[in-house]
Amino acid sequence: DGFNALSGEYYQVYAPEDLSGKEKKANTKMETSLKGLIAFWTKNNFEVRKFYFVIKDDYKHVYASLYTNAKSLSIKYNINCEILLCKGNYTAAFILN
């Protein structure tokens, strides 16, 4: 996890040993993390402008609901949310806003 105070970008990493069967947990983690970090950083006079939810997917696909949830959170919090997939030595970014 990390926050770049200059750009307002926050990275939340979700890396369970096995992602299968964890659709609800991953979506809940995304939403509670975003809500909590916005509250914390705003209280401390920082603006969160972009939220990256980084998922260790082990070369497998992630749940489609993660993308729709990220889009909903983008609208709800008026912030750009992206899903980043960890695949070997590169990261694939999917812009949702």
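Contacts in this predicted model lean towards long sequence separations: counting pairs at least 6 apart in sequence, 64% join residues at least 24 apart. The chain doing this has two helices and five strands, and read from the N terminus the order is β-β-α-β-α-β-β. Of its 97 residues, 40% are buried. The accessible surface adds up to about 5,900 Å², with 55% of that belonging to carbon and sulfur atoms.

On to the inside. Nonpolar side chains tend to be buried together in soluble globular proteins. Here the largest nonpolar core has 22 residues, and the ones with the most contacts inside it are Met-30, Leu-34, Phe-51, Phe-53, Ile-55, Leu-66 and Ile-83. At least two residues of this core come from each of strand 2, helix 1, strand 3, helix 2 and strand 4. Helix 1 chips in the largest share, with five residues.

Phe-51 gives a good look at how this core is put together. Leaving out residues up to four places away in sequence, Phe-51 touches Tyr-10, Gln-12, Met-30, Leu-34, Leu-37, Ile-79, Asn-80, Cys-81 and Glu-82. Two of those partners, Met-30 and Leu-34, are themselves listed among the core residues with the most contacts. Phe-51 belongs to strand 3, which spans 50-56, while its partner Tyr-10 sits in strand 2, spanning 9-14.

The loops have a few points worth a look too. Pro-16 is found between strand 2 and helix 1, and it is buried, with a relative accessible area of 13%, so it falls under the 20% cut-off. Beyond its neighbours within four places in sequence, Pro-16 is in contact with Lys-22 and Lys-56. Its C-alpha atom is separated by 8.9 Å from that of Asp-57, although the two residues are 41 apart along the chain.

Then there are two asparagines with unusual backbone angles. Most residues other than glycine have a negative phi. Asn-45, however, has a positive phi of about 65°, and Asn-78 has a positive phi of about 50°. Asn-45 is in the loop between helix 1 (23-43) and strand 3 (50-56), whereas Asn-78 is in the loop between helix 2 (64-77) and strand 4 (80-87). Buried or exposed, then, is Asn-45? With a relative accessible area of 72%, Asn-45 is exposed. Asn-78 also counts as exposed, at 71% relative accessibility.

Definitions and conventions: Residues are numbered from 1 along each chain as its sequence is written. This is a predicted model: local features need pLDDT of at least 70, side-chain atom pairs count only at pLDDT 80 or more; totals for chains, interfaces and linings use all residues. Side-chain values use heavy atoms; hydrogens and water are left out. Helices (H or I, at least four residues) and strands (E, at least two) are DSSP runs, numbered from the N terminus. Buried means under 20% relative accessible area, exposed over 50%, partly exposed in between (1.4 Å probe, protein chains only). Contact means heavy atoms within 4.5 Å. Accessible areas come from the Shrake-Rupley method with a 1.4 Å probe; for residues, only the protein chains shown count as cover. A nonpolar core is a set of buried Ala, Val, Leu, Ile, Met, Phe, Trp, Tyr and Cys residues joined through side-chain atoms within 4.5 Å.
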